[in-house]
Structures are given as structure tokens and as C-alpha cells.
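Reader: I would like a close look at one part of this protein. Please start with the whole chain and then zoom in.

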Amino acid sequence: MKKKLIALCTSRIYDPQIHGYIERLNERLHKEDYSLLIFAINSDIYWDEDRPAAEKFVFDIIPYDSIEAVVIMDEKIKSHKVTNKIIESARKANVPAIVCDGHYSNASNIQFEYDKGFELICRHIIEEHNIKRPHMMAGQPDNEFSNRRIEVFKKVLQDNNISFDDSMISYGYFWSEPCREATEKLLKRDTLPEAIICANDAMAITVSEMMQEAGYKVPEDIIISGFDGYEAIYFASPMISSTSCDIMLLANATADLILKQPRFNELENIYITPKLIPNESCGCHEYASHPDTLRDWFRESFSRHNDDNRVLQMMSSYMSTSQNIGEMLTHLDCYKTEHSLCVVDRNALNGENYFGEEANSKKDFVLIYDADYSEKYKEDTFELPDGDPYSTETILTPSIRDRILKLTESEYPLIFNSLNIMNKSFGFVCYHFPNSYINNYSNTMQITSSISNGIGGYINMEYQRTLLKQMDEMYRHDPLTGLLNRMGFLNEFKRICQKGTYGNSEITIIMSDLDGLKYINDHFGHAEGDNAIEKVAKALFSAVPENSLSTRFGGDEVFSVIFGECNPKEIITNIDTFLKNYNEMSGRPYKVETSCGYITTTLNEDFDITQAVKDADVKMYDAKAKKYAAKGKLHFTYV
């Protein structure tokens with residue numbers, strides 16, 4: 001039976017709460033023959049809507065025409081633009097969109113009642129612990145979430161006949177460092193509040209630590225509380241009182257909505273009330289959280305080992321400096337990538353300035369690595385697959401569709417990360433772990449980054465090699481004839497001699513000189529003179545063996561150095577035949593003819609290329625003189 005696909009858009013899948021959500025949602029859906037496709041970024045955008053983040057590309061490759069619904073963890077991604085774009089794409093494909101932890105008018109929404117949750121902790125501290133001088137550590141000034149919690153704080157104060165003034169609010173910006181600064185200012189006051197109610201757990205832990213460092217006891221001297229139910233509160237000393245926005249309730253509500261009917265059409269709004277967690281920091285008894293979640297938090301904290309980081313760093317470095325795609329993929333194949341597929345834009349591998357373009361054209365996805373069939377991607381066997389004229393810019397593009405769908409038959413989710421470097425995306429990686437261990441989820445961030453840097457570095461190096469080759473062609477070759485110039489010839493000849501490939505073997509130098517160049521220039525113009533030189537060079541190049549070095553030393557003289565045995569007279573005959581055929585077809589008012597001379601000797605330690613060229617030049621002038629004498633004229637007759 002074909003699996004029904006659900007797309008989940010989120011961030012930081014290595015976070016224990018998000019990992020717990022994925023496990024519970026997948027467990028529920030798998031029983032009903034659904035497969036979960038996770039499209040994840042490894043950071044949060046933090047509502048900075050205009051910040052370019054190439055990671056967001058992973059949300060552009062969702063195959064809307066093949067999924068039953070798309071789930072968006074809005075509070076984890078933290079970008080209204082991203083969420084709205086996903087919802088709009090889903091709407092065009094007639095795919096239901098479910099937003100978790102957010103509210104959008106054109107989607108079904110499942111969200112915590114944060115205001116009620118914050119009210120629970122405020123009332124617990126103020127009413128149950130009889131606090132008359134509370135203080136609030138808020139987030140950023142004018143931040144929506146912070147302002148709403150301030151209003152809840154004011155409401156509870158009013159209900160308890162406690163007058164509010166601005167001195168009862170500090171701003172910790174939801175982060176440890178600014179919270180430390182705000183707490184230092186509180187410590188300088190003549191009188192401390194009886195309790196500090198923090199707008200999130202990170203600030204509560206910071207405030208508790210600083211109060212104890214200053215010599216105060218928590219909760220005996222001052223009560224501290226947080227909000228969110230983050231796992232770290234159970235490892236603080238004392239453990240922090242908070243309100244839990246239980247991620248498992250969110251996962252169950254999401255599954256309920258998906259399973260309600262296959263293609264639900266009515267939009268729904270589901271609200272989940274957070275749960276109060278009274279704990280040691282307010283004087284209550286210890287509160288135990290989900291043991292599995294705590295276990296995962298602890299395991300994740302110690303899952304990153306130096307050896308793994310070293311392997312990934314070496315992998316990335318070797319990939320970047322590889323000389324070809326096969327060599328690069330050989331380095332990509334290691335135990336850290338054993339459950340992955342790697343897909344890139346074919347256009348990134350053509351040696352051009354892929355990352356320097358303002359905007360990349362539509363991506364032509366091609367599978368360049370599949371860990372289950374790694375023997376296909378070895379240096380001496382790998383060839384880039386042919387293009388797909390029907391390519392679509394999703395994870396189910398025709399060339400890889402069957403492979404991805406085969407992987408969805410597993411009971412565990414597929415995870416997709418965007419490959420990007422220099423803030424530009426160029427493909428994606430698909431992870432298909434045989435389990436849902438959090439340490440595997442944690443590793444995806446580092447593996448994706450290493451693969452991105454490795455392939456991205458290789459792409460940039462290929463472009464550098466292309467530039468160097470173009471520069472080399474420009475400096476080594478004569479622009480008129482395409483033959484080697486003097487410097488190019490000498491360098492190439494020196495390289496061949498150093499290799500010793502043709503040591504003590506026969507070597508032939510054939511010199512070819514255009515007849516009557518001055519006459520052509522004077523009577524028909526220098527452009528025609530250049531044309532005649534170019535045709536003589538072409539005649540020489542086409543007549544000599546492929547391993548020859550053909551050179552224009554200057555003017556109308558060109559020559560070839562031929563390694564190994566050859567028939568120089570036959571070569572000269574072929575040159576003359578080439579030019580004869582050209583003259584018959586050209587229709588020009590002159591003939592292109594050349595005089596050739598050659599010498600044959602041995603390439604050994606006594607061989608002097610400069611002298612050999614001079615000797616061939618003498619032979620050429622002897623041949624030219626004989627040709628002129630045979631004609632009985634100083635110049636040839638031109639038609």
C-alpha cells in the first residue's frame with residue numbers, strides 16, 4: 001500500500017522538545033500508513049524577515065502535488081514570510097495547511113494559550129505564595145510576546161490590589177547576557193523584590209544564578225519563576241518553577257487534526273492550555289518532568305564528540321580540494337553519511353561562477369550520492385547522470401522520485417536539509433535514519449554544514465580551475481592560430497622532458513612558413529594576411545599526430561615537434577593537400593601556400609630544442625629557395 005505523505009516544516013530538529021514532537025507525531029501517523037517528510041533548517045530566523053537565509057530553500061522543494069497536508073511549526077521557524085509562503089503554496093495545490101504555535105487566517109491553527117499559561121504562574125507566585133512586592137523580567141521592549149505577558153502581569157496585580165509602576169518591570173530581552181545586565185541593576189537597588197517573575201526560563205535560570213552569586217538564597221530570600229517549561233529548569237539548582245507548554249499535547253493535537261479526515265476542508269482553531277509546574281525556586285516540592293524528554297536532553301548534550309568533528313572537518317577539506325567529482329564523492333563516503341542521499345543542481349557542477357550570479361536559474365536536481373549504493377560513486381566509475389527535461393524543483397523530481405518514495409516505506413521520518421554556501425542554496429541532503437535517536441538528529445546540522453562546505457568548496461575550486469585554464473589558454477596560446485606561443489611551447493616542452501616520457505626516442509621538428517605574406521598584406525590587406533597565416537597553422541595542426549606540440553613563434557612561421565617515429569614527408573604532403581583543397585574552395589583572389597622543412601634526431605641529454613628549431617628553419621628556407629628557383633621567380637603568381 002502506498003504511503004500517504006505529510007510534510008513537516010520546522011527548525012532545530014536536534015532540540016529535545018522538537019525531537020519529542022516529531023517522535024510522537026510520527027508514532028501516531030505511522031499507524032495509519034502515513035510517512036513524515038521533515039523539511040528543517042538548523043537555526044531560527046527570529047522574525048528578521050528581510051535577512052537572506054539560504055537554508056529557507058528547503059521549504060521551496062516541498063512536493064505539494066504529492067502530500068496530504070503540510071504542518072508548519074511557526075514559533076520554531078520564526079518567520080511570518082516563510083509561513084505565509086508555505087501556506088500560499090499549499091493553497092494553490094489544494095493541500096491543507098496546519099500551523100503549530102501560531103495563528104494564520106488561511107490555515108488551521110493549533111496553539112498554546114500562552115496568556116493563560118503565564119497567568120497561571122503569575123497567580124501561583126503572587127496569590128499562593130502571598131507576594132506583595134513582585135517584579136517582572138520581561139523580554140524586549142515593544143515585543144509582541146513580551147508586551148502580552150506584561151499585560152497579564154498587570155492584570156494579576158490589579159486582581160490582587162497591588163499597584164503597578166514602571167519600576168516593577170526590567171527587560172532581559174529573553175537572553176542570558178542582557179538579562180545579566182538587568183539583574184545587576186536590580187541588585188544595586190536598596191530593596192529587592194520578594195519575587196522575580198521571568199517571561200521565559202532562560203532568564204529565570206540566569207536571575208537565579210546571579211542572586212545566589214550575590215549571596216541571596218532562592219527561594220528563602222527571593223522567589224524566582226520562569227515560563228515555557230524548558231528542560232534546563234530541571235537541571236538548575238534549585239529547580240525552576242515554570243509553566244509547561246507540553247510539546248506532546250501539541251503533537252497529539254496535530255495528529256488528531258490530520259487523521260480526522262483524509263483531506264479536511266474546514267479550517268479549525270485548536271487551543272491548548274499550558275500546565276503549571278510549581279518547583280523548588282518558589283518553595284514548592286520538586287516537580288518531575290517527562291523522564292524520556294530529560295533522558296534525550298542529557299543524551300543530546302553529550303552526543304557530539306571531537307572525533308566526529310575531526311572526521312567531518314577532514315571530509316569537508318578533502319572534498320573541497322578534489323580534482324574531479326568522483327574523487328570528491330569518494331571523500332563524502334564515510335560513516336557519518338551512511339544514511340543519506342545528496343542531491344545538487346547540475347548547473348553547479350559546470351565549472352562556471354555558480355555562486356557569483358545574482359540569481360540562479362531553475363535548478364536541475366541530480367542525485368550525486370546515495371549511501372546505500374556508495375560503490376556507484378567511486379572516483380574511477382562515476383559519471384554525472386543525464387539531464388531530465390521534465391525536472392521539477394522538489395524532492396520528488398522524476399529522476400529521484402522512486403528512490404525517495406521507496407525510503408518512505410520505513411517507519412521513521414525522512415529529514416531534508418538545504419545545502420548552501422555563501423548564503424546560496426545548490427541542493428539538499430535527505431537523511432533516512434533506521435531509528436529516531438536524538439543524537440542522529442543532532443548530527444544532521446554538522447553533517448549538512450560539512451557537506452555544504454565540501455561540495456561548495458569543490459564548486460568554487462572548479463570555477464577557479466576554469467579561470468586558470470582560461471588564463472593559461474590566453475597566455476600559452478597564440479590568439480590568431482590557436483597554436484602554442486613561444487612561452488607556452490617552451491614550458492610544455494620542458495614539462496614533457498622532465499617527465500621523461502619520450503627519453504632517447506626519435507623526435508622530428510617540421511617548420512612551415514607562409515609563402516608571399518608581404519604580397520598578400522600589400523595587395524589585399526592585413527586581415528587577409530592573418531587569414532592566410534591561420535590557414536597554414538590549421539594545415540600543420542591537422543597533419544601532425546595528436547601528441548605533437550604545434551607552435552607559432554611569430555610572424556608567419558609555425559612549427560610542430562613530433563615525439564616518436566613519423567613520416568615527415570607524408571605530413572608535408574598532407575599539409576600541401578589541405579591548402580590545395582582550401583584554395584579550390586575559398587574563392588579568394590590569392591592562393592595560400594607554404595614551404596616546409598624538417599629535421600629528425602634523438603631526444604636525449606644532448607638535445608637542444610633551440611638549435612633543433614634553428615636547424616629545421618634552415619631546412620625550411622632551403623625548401624623555399626628550391627621552390628622559388630623551380631618557379632624561376634622571386635614571388636609566386638597569385639590569381
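What share of the contacts in the protein chain with a separation of 6 or more comes from residues 24 or more positions apart? After that, please take me to Ser208: where is Ser208 found, and is it buried or exposed?

Author: Keep in mind that this is a predicted model. Your first number is 74%: that is the share held by residues 24 or more positions apart, among contacts with a separation of 6 or more.

Now the overall form. The protein chain is built with 18 helices and 20 strands. Its C-alpha atoms fill a box of roughly 125 × 60 × 45 Å along the principal axes. The radius of gyration is 38 Å, whereas a compact globule of 639 residues would have one near 26 Å.

Next, the surface. About 30,200 Å² of the protein chain is exposed, and carbon and sulfur atoms supply 49% of that area. Buried residues make up 53% of the 639 residues. As for charge, there are 67 positive and 97 negative side chains. The centres of these two sets lie 4 Å apart.

Now zoom in. Ser208 sits in helix 7, which covers residues 201–213. Its relative accessible area is 2%, under the 20% cut-off, so Ser208 counts as buried. What does the side chain of Ser208 join up with? The partner is the side chain of Gln212, through a polar contact of 3.1 Å.

Look further along the sequence too. Leaving aside neighbours within four places, Ser208 is in contact with Val218 and Ile224. Ser237, Pro238 and Ile240 are also on that list of contacts.

Key
Residues are numbered from 1 along each chain as its sequence is written. This is a predicted model: local features need pLDDT of at least 70, side-chain atom pairs count only at pLDDT 80 or more; totals for chains, interfaces and linings use all residues. Side-chain values use heavy atoms; hydrogens and water are left out. Helices (H or I, at least four residues) and strands (E, at least two) are DSSP runs, numbered from the N terminus. The radius of gyration is taken over C-alpha atoms; the globule rule is 2.2 Å times the number of residues to the power 0.38. Buried means under 20% relative accessible area, exposed over 50%, partly exposed in between (1.4 Å probe, protein chains only). Contact means heavy atoms within 4.5 Å. Accessible areas come from the Shrake-Rupley method with a 1.4 Å probe; for residues, only the protein chains shown count as cover. Lys and Arg count as positive and Asp and Glu as negative; His and the chain ends are not counted. The place of a charge is taken as NZ of Lys, CZ of Arg, CG of Asp or CD of Glu. A polar contact is a pair of N or O atoms within 3.5 Å; within protein, one must be able to donate a hydrogen and the other to accept it, and residues adjacent in sequence count only if both atoms are side-chain atoms.
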